[in-house]
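User: I would like to go through this model and ask what stands behind each label. Please set the values against the cut-offs.

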Amino acid sequence: MTSIQTHINELKASIPKNVSIVAVSKTKPNSMLLEAYNAGQLDFGENYVQELVDKQKSLPTDIRWHFIGHLQSNKVKYIAPFVYLIHSVDSFKLLVEIDKQAKKNNRIIDCLLQIYIAQEETKFGFDRTDCFNMLESDSFKALKNIRICGLMGMASFTAKEEQIEKEFATIKQLFDDIKESNLLTSSFQHLSIGMSSDYLLAIKHGSNMIRVGSMIFGNRNYNA
Ligand SMILES: *Cc1c(COP(=O)(O)O)cnc(C)c1O
């Protein structure tokens, strides 16, 4: 067994069965993704459109590709034919473009709404009010080729666990409130929170999808 495979098995053993793992493979070579794939890992997350497109072309076709980075509207067309889940929908404009490209490809694209929970100014996403305003609007209801399957969030980059937990609790509350609102269907079910440094805290606050990179593949050469 390779070290990547050991890391995946250890990670799996440390989390409940209902929590799915997206292996974040940005900047990592295809050979490392294949090691994970050969350990049964089918869900991979990427941040850059070009890198994702290149990897998709050369790796097994049953891999489920998750897009987790900031997505520019003009690049949606490159991933629309195959992307499995877009975690990082941070504006209505982007959602409209995803819907348009999904339609062109004769498919429905599953999406998560990225929620702004961190203290940092640089993070993208909706806040609670934006979120409800959009979901209640007729222009949102007119989009037939996207499906909102849950929420995604990134906690502040801090060692203060209390702060991180507060942020995760905020997104979990919004997740529950949207669910109860019946604005969306039963496909609204994923709460994508938690990375290598905070996935246990995220699971404590209801995460059922964690995005783990460095813990599986080792540190990246640059911080993407
Ligand atoms: C890079 C990245 C991750 C994974 O980060 P690690 O700390 O390596 O686990 C998760 N989510 C997003 C959005 C990322 O950009």
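User: What makes the pair formed by an oxygen atom of the ligand and a polar backbone atom of S214 a polar contact?

Analyst: First, a caution: the model is predicted. In it, the two atoms are 2.7 Å apart. The cut-off for a pair of N or O atoms is 3.5 Å, so the pair counts as a polar contact.

User: Which part of G213 lies 2.8 Å from an oxygen atom of the ligand?

Analyst: A backbone N or O atom of G213. The limit is 3.5 Å, so this pair also qualifies as a polar contact.

User: And how far is S196 from an oxygen atom of the ligand?

Analyst: A polar side-chain atom of S196 lies 2.5 Å from an oxygen atom of the ligand. That is within 3.5 Å, so the label holds here too.

User: Which residues are around the ligand?

Analyst: The residues are V24, K26, N47, I68, M154, M195, S196, R211, V212, G213, S214 and R220. Each is listed because one of its heavy atoms lies within 4 Å of the ligand.

User: Let us turn to burial. Why is L113 called buried?

Analyst: Its relative accessibility is 0%. Buried means under 20%, so L113 is buried. L113 lies in strand 5.

User: What does L113 touch, leaving aside its neighbours within four places in sequence?

Analyst: L113 is in contact with H87, V89, F126, C131, M134, L135, I148, G150, L151 and M152. One of these, L135, is 22 residues from L113 in sequence, and the C-alpha atoms are 11 Å apart. The contact label still applies to L135, because contact rests on heavy atoms within 4.5 Å.

User: Why is A118 buried, given that it lies in a loop?

Analyst: The label rests on accessibility. A118 has 6%, under the 20% limit, so it counts as buried. Its loop runs between strand 5 and helix 6 (128–136). Leaving out residues up to four places away in sequence, A118 touches K123, M154, A155, S156 and E167. M154 is also among the residues around the ligand. The C-alpha atoms of A118 and E162 are separated by 13 Å, with their positions 44 residues apart along the chain.

User: How do you know whether Q101 is buried or exposed?

Analyst: Q101 has 6% relative accessibility. The limit is 20%, so Q101 is buried. Q101 belongs to helix 5 (residues 92–104). Beyond four places in sequence, Q101 touches V76, K77 and A80.

User: Why is N106 given the label exposed?

Analyst: N106 reaches 70% relative accessibility. Exposed means over 50%, so N106 earns the label. N106 sits in the loop between helix 5 and strand 5 (109–115).

User: What makes the phi of N106 worth a note?

Analyst: Phi of N106 is near 55 degrees, a positive value in a residue other than glycine. Most residues other than glycine have a negative phi. T27 also has a positive phi, near 70 degrees. T27 is in the loop between strand 1 (20–24) and helix 2 (30–38).

User: Why is T27 called partly exposed?

Analyst: T27 has 25% relative accessibility. That falls between the 20% and 50% limits, so T27 is partly exposed.

User: What are the values behind the label partly exposed for N9 and T170?

Analyst: N9 has 35% and T170 has 49%. Both fall between 20% and 50%, so both are partly exposed. N9 is in helix 1 (residues 3–13), and T170 is in helix 8 (residues 161–181). The C-alpha atoms of N9 and A39 are separated by 8.3 Å. Those of T170 and S25 are 28 Å apart.

User: One last topic. How much space lies in the second largest pocket, and what lines it?

Analyst: About 240 Å³ lies in the second largest pocket. Its lining has 13 residues, of which F140, I146, R147, L184 and T185 lie nearest the centre. Helix 7 (138–141) and strand 6 (146–153) each give two or more residues. Strand 6 gives the most, with three.

User: Of which classes are the lining residues of the second largest pocket?

Analyst: Eight are nonpolar, two polar and three charged. F140 and I146 count as nonpolar, because Phe and Ile are in that class. R147 counts as charged, because Arg is in that class.

Methods:
Residues numbered from 1 in each chain as written. Predicted model: local features only at pLDDT ≥ 70, side-chain atom pairs only at ≥ 80, totals over all residues. Heavy atoms only, no water. Helix = DSSP H or I, 4+ residues; strand = E, 2+ residues; numbered from the N terminus. Buried < 20%, exposed > 50% of the residue type's maximum accessible area, 1.4 Å probe, protein only. 1 Å grid on protein atoms, 1.4 Å probe; cavity = no way out; pocket = protein on both sides within 12 Å on 5 of 7 lines; lining within 4 Å. Points joined across faces, edges and corners; volume = space filled by probe spheres on them. Polar contact = N/O pair within 3.5 Å; in protein donor to acceptor, adjacent residues only side chain to side chain.
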